[in-house]
Amino acid sequence: MESAERVQRALVRTQRVTAAMVASLAGVSTATVSLVANGKTQGRVSEENISRVRQAIDELGYVVDGIGSSLAKGVSSIVILVAPDISNPFFAKVIAGVRESLGSDYQLLLSVTDAGEFPRADDVRKLLALRPAGLLVDAPNAAFLEELSVAGPLVLLDAPGLETYAPSVNLDVAHGARELAAHLAASGHQRAAYVDSVTGTATFEVRRAAFLDEASARGISVADAHITSTTIDVGAAAAAFAGAWPEWQQAGVTAVVCGTDTHAYGVLQEARVAGVRIPEELAVAGFDDLPYSATSNPSLTSVHLPATALGLKAGEQLRGLMEGRVLELPQLTLESSLVVRGSTA
(Lines give C-alpha, C1' and ligand atoms only; values in the text may rest on other atoms or scores of the structure.)
Protein backbone atom coordinates (compact mmCIF):
# COMPACT_ATOMS: atom_id res chain seq x y z
CA MET A 1 0.00 0.00 0.00
CA GLU A 2 2.79 2.40 0.98
CA SER A 3 4.63 1.56 -2.26
CA ALA A 4 1.51 2.32 -4.31
CA GLU A 5 1.20 5.73 -2.62
CA ARG A 6 4.82 6.54 -3.48
CA VAL A 7 4.19 5.65 -7.13
CA GLN A 8 1.06 7.80 -7.17
CA ARG A 9 2.93 10.75 -5.71
CA ALA A 10 5.76 10.31 -8.19
CA LEU A 11 3.22 10.45 -11.02
CA VAL A 12 1.72 13.60 -9.56
CA ARG A 13 5.12 15.30 -9.69
CA THR A 14 5.23 14.86 -13.48
CA GLN A 15 1.98 16.82 -13.80
CA ARG A 16 1.17 20.44 -13.06
CA VAL A 17 0.51 20.38 -9.33
CA THR A 18 -2.76 22.04 -8.37
CA ALA A 19 -4.33 23.15 -5.11
CA ALA A 20 -6.84 20.34 -5.52
CA MET A 21 -4.02 17.76 -5.51
CA VAL A 22 -2.59 19.29 -2.33
CA ALA A 23 -6.03 19.29 -0.73
CA SER A 24 -6.57 15.62 -1.61
CA LEU A 25 -3.24 14.57 -0.13
CA ALA A 26 -3.72 16.64 3.02
CA GLY A 27 -7.35 15.64 3.45
CA VAL A 28 -8.62 19.24 3.52
CA SER A 29 -10.55 21.57 1.22
CA THR A 30 -8.95 23.62 -1.58
CA ALA A 31 -10.04 26.75 0.31
CA THR A 32 -7.89 25.64 3.25
CA VAL A 33 -4.93 25.10 0.92
CA SER A 34 -5.40 28.63 -0.44
CA LEU A 35 -5.47 30.11 3.06
CA VAL A 36 -2.27 28.30 4.06
CA ALA A 37 -0.44 29.06 0.82
CA ASN A 38 -1.27 32.76 1.08
CA GLY A 39 -0.52 33.09 4.79
CA LYS A 40 -4.10 33.86 5.86
CA THR A 41 -4.63 31.14 8.45
CA GLN A 42 -4.94 33.17 11.64
CA GLY A 43 -8.20 32.28 13.37
CA ARG A 44 -9.34 30.31 10.31
CA VAL A 45 -7.24 27.13 10.06
CA SER A 46 -6.17 24.78 12.85
CA GLU A 47 -2.50 24.15 13.54
CA GLU A 48 -3.01 20.48 12.63
CA ASN A 49 -4.41 21.33 9.19
CA ILE A 50 -1.71 23.94 8.61
CA SER A 51 0.92 21.28 9.27
CA ARG A 52 -0.77 18.75 6.97
CA VAL A 53 -1.12 21.26 4.12
CA ARG A 54 2.48 22.41 4.41
CA GLN A 55 3.68 18.82 4.39
CA ALA A 56 1.62 18.11 1.26
CA ILE A 57 2.95 21.26 -0.42
CA ASP A 58 6.52 20.18 0.30
CA GLU A 59 5.89 16.65 -0.95
CA LEU A 60 4.24 17.67 -4.19
CA GLY A 61 6.35 20.75 -4.89
CA TYR A 62 3.27 22.96 -5.18
CA VAL A 63 3.87 26.58 -6.25
CA VAL A 64 1.19 29.22 -5.81
CA ASP A 65 -0.07 30.56 -9.13
CA GLY A 66 1.12 34.12 -8.58
CA ILE A 67 -0.16 35.41 -11.91
CA GLY A 68 -3.60 33.90 -11.41
CA SER A 69 -3.92 35.22 -7.89
CA SER A 70 -2.71 38.69 -8.86
CA LEU A 71 -5.09 38.81 -11.82
CA ALA A 72 -7.92 38.12 -9.42
CA LYS A 73 -6.84 41.26 -7.54
CA GLY A 74 -6.88 43.26 -10.77
CA VAL A 75 -3.13 43.73 -11.27
CA SER A 76 -0.05 41.51 -11.36
CA SER A 77 3.53 41.97 -10.18
CA ILE A 78 4.74 41.77 -13.79
CA VAL A 79 6.60 44.64 -15.44
CA ILE A 80 6.84 44.47 -19.23
CA LEU A 81 9.88 45.90 -21.02
CA VAL A 82 9.32 46.49 -24.74
CA ALA A 83 12.58 46.77 -26.67
CA PRO A 84 13.81 46.51 -30.27
CA ASP A 85 16.86 44.48 -31.30
CA ILE A 86 17.38 42.70 -28.00
CA SER A 87 20.45 41.07 -29.58
CA ASN A 88 22.18 44.45 -29.26
CA PRO A 89 24.55 44.07 -26.24
CA PHE A 90 23.54 47.57 -25.13
CA PHE A 91 20.17 46.24 -23.97
CA ALA A 92 21.75 43.69 -21.64
CA LYS A 93 23.07 46.58 -19.55
CA VAL A 94 19.73 48.39 -19.71
CA ILE A 95 17.95 45.26 -18.48
CA ALA A 96 20.45 44.87 -15.64
CA GLY A 97 19.66 48.40 -14.48
CA VAL A 98 15.91 47.81 -14.65
CA ARG A 99 16.19 44.59 -12.68
CA GLU A 100 18.24 46.26 -9.97
CA SER A 101 15.69 49.04 -9.54
CA LEU A 102 12.67 46.71 -9.45
CA GLY A 103 14.18 44.31 -6.95
CA SER A 104 12.40 41.10 -6.00
CA ASP A 105 8.96 42.68 -5.74
CA TYR A 106 8.37 42.57 -9.51
CA GLN A 107 8.99 40.09 -12.31
CA LEU A 108 10.41 41.50 -15.55
CA LEU A 109 8.89 40.24 -18.81
CA LEU A 110 10.59 41.14 -22.12
CA SER A 111 8.66 41.84 -25.31
CA VAL A 112 11.11 41.62 -28.20
CA THR A 113 11.20 40.94 -31.92
CA ASP A 114 13.63 39.84 -34.58
CA ALA A 115 16.63 42.05 -35.34
CA GLY A 116 15.75 45.24 -37.15
CA GLU A 117 12.08 45.14 -36.19
CA PHE A 118 10.18 46.93 -33.45
CA PRO A 119 7.48 45.12 -31.44
CA ARG A 120 4.00 45.67 -32.85
CA ALA A 121 1.39 47.41 -30.74
CA ASP A 122 -1.02 44.50 -31.26
CA ASP A 123 1.50 42.04 -29.81
CA VAL A 124 2.13 44.22 -26.78
CA ARG A 125 -1.60 44.64 -26.18
CA LYS A 126 -1.89 40.85 -25.96
CA LEU A 127 0.64 40.91 -23.13
CA LEU A 128 -1.39 43.61 -21.41
CA ALA A 129 -4.03 40.91 -20.82
CA LEU A 130 -1.72 39.83 -17.98
CA ARG A 131 -2.57 43.14 -16.32
CA PRO A 132 1.04 44.17 -15.67
CA ALA A 133 1.86 46.52 -12.84
CA GLY A 134 3.73 48.75 -15.29
CA LEU A 135 5.20 49.09 -18.76
CA LEU A 136 8.64 50.24 -19.97
CA VAL A 137 9.20 51.04 -23.65
CA ASP A 138 12.77 51.39 -24.88
CA ALA A 139 13.64 53.45 -27.99
CA PRO A 140 10.10 53.78 -29.35
CA ASN A 141 8.76 55.89 -32.18
CA ALA A 142 5.66 58.09 -32.13
CA ALA A 143 3.62 55.81 -34.39
CA PHE A 144 4.05 52.87 -32.00
CA LEU A 145 3.03 54.93 -28.97
CA GLU A 146 0.01 56.36 -30.78
CA GLU A 147 -1.18 52.90 -31.75
CA LEU A 148 -0.48 51.38 -28.34
CA SER A 149 -2.42 54.04 -26.40
CA VAL A 150 -1.88 52.28 -23.08
CA ALA A 151 -3.41 53.23 -19.74
CA GLY A 152 -1.57 52.68 -16.46
CA PRO A 153 2.00 53.27 -15.31
CA LEU A 154 4.26 53.82 -18.33
CA VAL A 155 7.86 55.07 -18.62
CA LEU A 156 9.82 55.60 -21.84
CA LEU A 157 13.56 55.00 -22.22
CA ASP A 158 15.80 56.68 -24.79
CA ALA A 159 12.83 58.36 -26.49
CA PRO A 160 13.96 61.87 -27.48
CA GLY A 161 11.17 64.14 -28.67
CA LEU A 162 8.45 61.87 -27.28
CA GLU A 163 8.31 63.25 -23.75
CA THR A 164 4.67 64.35 -24.10
CA TYR A 165 3.52 60.72 -24.22
CA ALA A 166 4.75 59.65 -20.78
CA PRO A 167 7.45 60.16 -18.15
CA SER A 168 10.80 59.32 -19.71
CA VAL A 169 14.50 58.83 -19.11
CA ASN A 170 16.50 60.02 -22.10
CA LEU A 171 20.09 60.03 -23.22
CA ASP A 172 21.61 63.24 -24.54
CA VAL A 173 22.83 61.44 -27.67
CA ALA A 174 22.90 64.69 -29.66
CA HIS A 175 25.64 66.11 -27.42
CA GLY A 176 27.89 63.10 -27.97
CA ALA A 177 27.17 63.15 -31.71
CA ARG A 178 28.27 66.78 -31.93
CA GLU A 179 31.42 66.02 -29.95
CA LEU A 180 32.21 63.22 -32.39
CA ALA A 181 31.80 65.49 -35.42
CA ALA A 182 34.03 68.10 -33.81
CA HIS A 183 36.69 65.48 -33.08
CA LEU A 184 36.74 64.21 -36.67
CA ALA A 185 36.89 67.76 -38.04
CA ALA A 186 39.81 68.59 -35.74
CA SER A 187 41.55 65.47 -37.06
CA GLY A 188 41.33 66.83 -40.61
CA HIS A 189 38.53 64.71 -42.06
CA GLN A 190 36.48 66.32 -44.86
CA ARG A 191 34.40 63.42 -46.21
CA ALA A 192 32.63 60.87 -44.06
CA ALA A 193 30.09 58.05 -44.32
CA TYR A 194 27.41 56.90 -41.90
CA VAL A 195 26.17 53.37 -41.09
CA ASP A 196 22.75 53.56 -39.48
CA SER A 197 20.24 51.16 -37.89
CA VAL A 198 17.18 50.07 -39.91
CA THR A 199 14.99 50.09 -36.78
CA GLY A 200 13.86 53.66 -37.44
CA THR A 201 13.42 54.64 -33.81
CA ALA A 202 13.71 58.21 -32.57
CA THR A 203 17.07 57.77 -30.84
CA PHE A 204 18.79 56.74 -34.08
CA GLU A 205 17.22 59.62 -35.97
CA VAL A 206 18.50 62.09 -33.36
CA ARG A 207 22.08 60.79 -33.27
CA ARG A 208 22.29 60.72 -37.08
CA ALA A 209 20.77 64.19 -37.55
CA ALA A 210 22.94 65.75 -34.82
CA PHE A 211 26.11 64.29 -36.29
CA LEU A 212 25.26 65.33 -39.86
CA ASP A 213 24.35 68.89 -38.82
CA GLU A 214 27.52 69.39 -36.78
CA ALA A 215 29.68 67.71 -39.43
CA SER A 216 28.31 70.04 -42.08
CA ALA A 217 28.89 73.08 -39.87
CA ARG A 218 32.51 72.00 -39.41
CA GLY A 219 33.24 71.36 -43.09
CA ILE A 220 32.71 67.59 -43.25
CA SER A 221 30.48 66.44 -46.11
CA VAL A 222 28.36 63.28 -45.85
CA ALA A 223 26.68 62.62 -49.19
CA ASP A 224 23.34 60.79 -49.28
CA ALA A 225 25.08 58.02 -51.20
CA HIS A 226 27.44 57.61 -48.27
CA ILE A 227 24.67 56.75 -45.77
CA THR A 228 23.61 53.12 -45.46
CA SER A 229 21.42 51.21 -42.99
CA THR A 230 21.50 47.67 -41.67
CA THR A 231 20.42 45.61 -38.68
CA ILE A 232 22.39 45.87 -35.46
CA ASP A 233 24.57 42.88 -36.26
CA VAL A 234 28.33 42.58 -36.79
CA GLY A 235 28.00 40.38 -39.88
CA ALA A 236 25.34 42.56 -41.50
CA ALA A 237 27.39 45.71 -40.89
CA ALA A 238 30.52 44.05 -42.30
CA ALA A 239 28.63 43.05 -45.45
CA ALA A 240 27.18 46.55 -45.86
CA PHE A 241 30.61 48.13 -45.53
CA ALA A 242 32.17 45.64 -47.94
CA GLY A 243 29.60 46.54 -50.58
CA ALA A 244 29.91 50.29 -50.08
CA TRP A 245 33.61 50.77 -49.42
CA PRO A 246 34.94 50.72 -53.03
CA GLU A 247 32.67 53.66 -53.96
CA TRP A 248 33.27 55.45 -50.65
CA GLN A 249 37.02 55.08 -51.03
CA GLN A 250 36.91 56.44 -54.58
CA ALA A 251 34.89 59.43 -53.33
CA GLY A 252 37.55 60.24 -50.73
CA VAL A 253 35.74 59.09 -47.57
CA THR A 254 38.22 58.95 -44.68
CA ALA A 255 35.86 58.40 -41.72
CA VAL A 256 32.90 56.11 -41.04
CA VAL A 257 30.53 56.84 -38.15
CA CYS A 258 28.23 54.03 -37.02
CA GLY A 259 24.91 54.30 -35.17
CA THR A 260 26.06 51.64 -32.67
CA ASP A 261 29.32 50.05 -31.60
CA THR A 262 28.00 46.73 -32.93
CA HIS A 263 27.87 48.24 -36.42
CA ALA A 264 31.37 49.61 -35.91
CA TYR A 265 32.74 46.17 -35.00
CA GLY A 266 31.54 44.91 -38.38
CA VAL A 267 33.22 47.81 -40.17
CA LEU A 268 36.48 47.20 -38.30
CA GLN A 269 36.30 43.50 -39.13
CA GLU A 270 35.75 44.04 -42.85
CA ALA A 271 38.29 46.85 -43.04
CA ARG A 272 40.97 44.46 -41.76
CA VAL A 273 39.93 41.92 -44.41
CA ALA A 274 40.20 44.60 -47.10
CA GLY A 275 43.62 45.68 -45.85
CA VAL A 276 42.44 49.15 -44.89
CA ARG A 277 44.68 50.71 -42.24
CA ILE A 278 42.80 52.15 -39.27
CA PRO A 279 43.03 55.00 -38.43
CA GLU A 280 45.68 55.96 -41.02
CA GLU A 281 43.39 55.42 -44.03
CA LEU A 282 40.02 55.26 -42.34
CA ALA A 283 38.72 56.47 -38.97
CA VAL A 284 35.86 54.46 -37.44
CA ALA A 285 33.60 55.46 -34.55
CA GLY A 286 30.34 54.32 -32.95
CA PHE A 287 27.75 54.96 -30.25
CA ASP A 288 27.15 53.03 -26.97
CA ASP A 289 30.71 52.52 -25.63
CA LEU A 290 30.20 48.81 -25.04
CA PRO A 291 32.80 47.04 -22.85
CA TYR A 292 34.48 45.37 -25.86
CA SER A 293 35.12 48.78 -27.46
CA ALA A 294 38.04 49.41 -25.12
CA THR A 295 39.73 46.14 -26.10
CA SER A 296 38.91 45.81 -29.82
CA ASN A 297 41.74 46.04 -32.33
CA PRO A 298 42.17 48.92 -32.61
CA SER A 299 40.19 50.19 -29.63
CA LEU A 300 37.03 51.93 -30.77
CA THR A 301 36.23 55.61 -30.41
CA SER A 302 32.65 55.77 -29.18
CA VAL A 303 29.98 58.03 -27.72
CA HIS A 304 29.46 56.76 -24.19
CA LEU A 305 25.78 56.16 -23.38
CA PRO A 306 25.14 55.10 -19.74
CA ALA A 307 23.00 52.00 -20.42
CA THR A 308 22.88 50.64 -16.86
CA ALA A 309 21.96 54.04 -15.43
CA LEU A 310 19.27 54.36 -18.12
CA GLY A 311 17.61 51.13 -16.98
CA LEU A 312 18.09 51.96 -13.30
CA LYS A 313 16.51 55.41 -13.51
CA ALA A 314 13.65 54.22 -15.71
CA GLY A 315 12.91 51.39 -13.28
CA GLU A 316 12.95 53.83 -10.37
CA GLN A 317 10.54 56.16 -12.18
CA LEU A 318 8.18 53.30 -13.00
CA ARG A 319 8.32 51.94 -9.47
CA GLY A 320 7.29 55.34 -8.17
CA LEU A 321 4.29 55.40 -10.49
CA MET A 322 3.30 51.83 -9.61
CA GLU A 323 3.42 52.68 -5.92
CA GLY A 324 1.23 55.75 -6.40
CA ARG A 325 3.89 58.43 -5.92
CA VAL A 326 4.00 61.71 -7.83
CA LEU A 327 7.27 62.01 -9.75
CA GLU A 328 9.24 65.12 -8.83
CA LEU A 329 11.06 65.03 -12.18
CA PRO A 330 9.01 63.08 -14.73
CA GLN A 331 11.56 63.84 -17.47
CA LEU A 332 15.20 62.91 -16.87
CA THR A 333 18.15 63.25 -19.24
CA LEU A 334 21.46 61.43 -18.78
CA GLU A 335 24.63 62.88 -20.26
CA SER A 336 26.61 61.35 -23.11
CA SER A 337 30.29 61.91 -23.75
CA LEU A 338 32.86 61.07 -26.38
CA VAL A 339 35.55 58.51 -25.58
CA VAL A 340 38.43 58.87 -28.04
CA ARG A 341 40.43 55.71 -28.73
CA GLY A 342 42.73 54.22 -31.35
CA SER A 343 40.24 53.87 -34.19
CA THR A 344 40.26 57.64 -34.80
CA ALA A 345 43.30 58.95 -32.94
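Which residues does Ser111 touch, not counting residues up to four places away in sequence? The tour of this predicted model opens with that residue and then passes through its strands, helices and aromatic rings.

**Stop 1: Ser111**

Select Ser111, which lies in strand β2, residues 107-111. Leaving aside residues up to four places away in sequence, Ser111 touches Ile80, Leu81, Val82, Ala83, Pro119, Val124 and Leu127. Displaying these residues together with Ser111 shows the surroundings of a residue that counts as buried, at 7% relative accessibility.

**Stop 2: the whole chain**

Zoom out to the full chain, in which there are 13 helices and 12 strands. Of its 345 residues, 48% count as buried. Among contacts with a separation of 6 or more, 72% are between residues 24 or more positions apart.

**Stop 3: helices α3 and α4**

Select residues 30-37, helix α3, and residues 47-60, helix α4. The two pack at an angle of about 85°, and their axes are 10 Å apart. Helices α3 and α4 are therefore roughly perpendicular to each other. To see the contact, show the side chains of Thr32, Val33 and Val36 on α3, and those of Ile50, Val53 and Arg54 on α4. By class, the residues of this contact comprise 4 nonpolar, 1 polar and 1 charged.

**Stop 4: strands β3 and β4**

Move to strand β3, residues 134-138, which pairs with β4 in the parallel sense over 4 bridges. Asp138 has Leu157 in β4 as its bridge partner. Next, select β4 by itself, residues 154-157. In a regular strand, side chains alternate between the two faces of the sheet. Strand β4 is covered on both faces: Leu154 and Leu156 are buried on one side, and Val155 and Leu157 are buried on the other.

**Stop 5: the six-stranded sheet**

Now colour the strands of the open sheet formed by 6 strands, whose order is β7-β6-β8-β9-β10-β12 and whose pairing is mixed. At its edges are β7 (227-230) and β12 (337-339), each of which pairs on one side only. From one strand to the next, the twist averages 20°.

Three of the pairings can be followed residue by residue:

- Strand β6 (residues 192-197) and strand β8 (residues 255-258) run parallel and are joined by 4 bridges. Tyr194 has Val257 in β8 as its bridge partner.
- Strands β9 and β10 also run parallel, joined by 4 bridges. Gly286 stands opposite Ser302 in β10.
- Strands β10 and β12 run antiparallel, with 3 bridges between them. Val303 has Leu338 in β12 as its bridge partner.

**Stop 6: helices on the sheet**

With the sheet still displayed, which strands does helix α10 touch? Select residues 202-217: helix α10 packs on the sheet and touches β6, β7, β8 and β9. The direction of α10 makes about 170° with that of β6. Helix α11 packs on the sheet as well, touching β6, β7 and β8. The direction of α11 makes about 165° with that of β7.

**Stop 7: aromatic rings in α11**

The structure holds 5 aromatic pairs, two of which are visited here. A pair of aromatic rings is described by the distance of the centres and the angle of the planes. Select Phe241 and Trp245: their ring centres are 5.4 Å apart and their planes lie at 25°, so the pair is stacked. Phe241 and Trp245 both belong to helix α11 (residues 234-250), at positions 4 residues apart, about one turn of the helix. Both residues are buried. Add Trp248 to the selection, and the view shows one aromatic cluster formed by Phe241, Trp245 and Trp248.

**Stop 8: Tyr265 and Tyr292**

End at Tyr265 and Tyr292, whose rings form an edge-to-face pair, 5.2 Å centre to centre and with 85° between the planes. Tyr265 lies in helix α12 (residues 261-273), while Tyr292 lies in the loop between β9 (283-288) and β10 (301-304), so the pair ties together parts that are 27 residues apart in sequence. Is each partner buried or exposed? Tyr265 counts as buried, with 12% relative accessibility, whereas Tyr292 is partly exposed, with a relative accessible area of 49%.

Technical notes:
Residues numbered from 1 in each chain as written. Predicted model: local features only at pLDDT ≥ 70, side-chain atom pairs only at ≥ 80, totals over all residues. Heavy atoms only, no water. Axes fitted to C-alpha atoms, helices over the stretch in contact; angles between N-to-C directions. Parallel < 35°, antiparallel > 145°, perpendicular 65-115°, else oblique. Contact = heavy atoms within 4.5 Å. Nonpolar A, V, L, I, M, F, W, Y, C, P; charged D, E, K, R; others polar. Phe/Tyr/Trp six-rings, centres within 6.5 Å; stacked < 30°, edge-to-face > 60°. Buried < 20%, exposed > 50% of the residue type's maximum accessible area, 1.4 Å probe, protein only. Pairing = 2+ DSSP bridges.
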